[in-house]
Amino acid sequence: MPLQNKKVNAAITAVGMYAPDKILDNKYFESIVETNNEWIISRTGIKERRMMENGATSDMAAFAVQDLMKNSRLKPEEIDVIIVATVTPDMFFPACACLVQDKIGAKNAWGFDLSAACSGFLFALETGSKLIESGAYKKVIVVGSDKMTAITDYTDRNNCILFGDLASAVLLEPTEDLNYGIKDSLLYVDGTGKDNLYMKGGGSLRPASHETVDNKWHYIYQDGKVVFKVAVKGMADVSYDIMKKNNLTSDDVAYLVPHQANMRIIDATAERMGITKEKVMINIDRYGNTTAATIPSCITEYYRNGKLKKGDNLILAAFGAGYTWGAIYLTWSID
Ligand code: UT7
């Protein structure tokens, strides 16, 4: 397809989400591991999370896109590209994007999965926005979907209380009005963090075997204390840097949309940006850490609750396994 000459921004023009019905509250965890409601709330901010009982990541992603389509004029055959950010694909291959394409009937789309853990939505949003800006594509679906309960060890109290299942999707379309849409990004990876947050087994390095199963290498491993420190610094610094780069003061920012891993990391990021609590999107209390779904689900819920208005400047920020981290600056374009 020919590249167009006229500069466009990519803008989010529709949103959707899917939250499974089953709720795991803190009381449930008190019954399975040595923990308590007060510890979980004070150390993480989480009260409950969701669990997908019948279905996988692609089902949740497809439900989120169907919800988006139900609430917009988008028809499945109009979709050009589907990008699924996930670390819990249904299987290594085919990609979740193919499964979602089939489930929603997007018969003219191509797509792929993107693996950047908790920064997955940001990396996918940047990728999708560049596809739009190139002029080659007009309708790009970006989904963050993770079934974290599938890789959680429910005997490990350090980690099992943290994660939940969720999916959320956005539609990117071009806008010629450059006052709106995705305006800037700062994204990073640093593979030296690989041993602090990862799933050790099942890949080509340590293929599934009795050893990998016996050692629980198919579950998330996280050194929480180590990751906490780098996450605070990474998310706070990158959020501050993107504001500075774009000459934004805290008054110019309507909302910080942070990855929801830990309320204390979110508070530290907001403090560094000089942003008050009311301007921070939060849903960690109801869903826990849902990896690639945290940021789009916050945006979807705040938009649907009437808290987002056209012209609002948002700073999206995340930190995750890899390490991966970054921030995106956008101006909301839906009335
Ligand atoms: O999303 C991708 C990036 N990931 C993150 O950003 C997560 C970063 N890390 C964290 O959010 C936090 O480190 C955790 C929430 C995972 C843990 O909080 P913490 O304040 O760092 O706790 P800790 O690991 O330092 O543990 C403090 C104490 C320990 O006991 P001792 O050794 O002091 O006696 C733990 O054994 O709390 C204990 N503990 C628990 N107690 C009750 C750990 N897990 C639990 C639990 N219930 N579930």
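Biologist: How do the residues of the shell around the ligand divide into nonpolar, polar and charged?

Modeller: They divide into eleven nonpolar, nine polar and five charged residues, where Ala, Val, Leu, Ile, Met, Phe, Trp, Tyr, Cys and Pro count as nonpolar, Asp, Glu, Lys and Arg as charged, and the others, Gly among them, as polar. This is a predicted model, in which local features need pLDDT of at least 70 and side-chain atom pairs count only at pLDDT 80 or more, while totals for chains, interfaces and linings use all residues. Residues are numbered from 1 along each chain as its sequence is written, and side-chain values use heavy atoms, with hydrogens and water left out.

Biologist: How many residues surround the ligand, and which are the closest?

Modeller: There are 25 of them, each with a heavy atom within 4 Å of the ligand, and the closest are Thr35, Arg43, Lys225, Asn262 and Asn289.

Biologist: What makes the pairing of a ligand nitrogen atom with the side chain of Thr35 a polar contact?

Modeller: A polar contact is a pair of N or O atoms within 3.5 Å (within protein, one must be able to donate a hydrogen and the other to accept it, and residues adjacent in sequence count only if both atoms are side-chain atoms). The ligand nitrogen is 2.6 Å from an N or O atom in the side chain of Thr35, so the pair qualifies. A ligand oxygen is likewise 3.3 Å from an N or O atom in the side chain of Trp39, and a ligand oxygen is 3.0 Å from a polar backbone atom of Gly224. The protein covers 76% of the 950 Å² of accessible area that the ligand has on its own, by the Shrake-Rupley method with a 1.4 Å probe.

Biologist: Why is the ligand said to lie between domain 1 (3-178) and domain 2 (182-331)?

Modeller: Both domains, whose bounds come from an automatic or database domain assignment, give residues to the shell, so the ligand lies between them. Helix α8, a DSSP run (H or I, at least four residues) numbered from the N terminus, gives the most to this shell, with five residues.

Biologist: Why is α5 (residues 120-133) called largely enclosed?

Modeller: Buried means under 20% relative accessible area, with over 50% called exposed and anything in between partly exposed (1.4 Å probe, protein chains only). Eleven of the 14 residues of α5 are buried, so the helix is largely enclosed by the rest of the structure; among them are Phe121, Leu125 and Ile132.

Definitions and conventions: Helix = DSSP H or I, 4+ residues; strand = E, 2+ residues; numbered from the N terminus.
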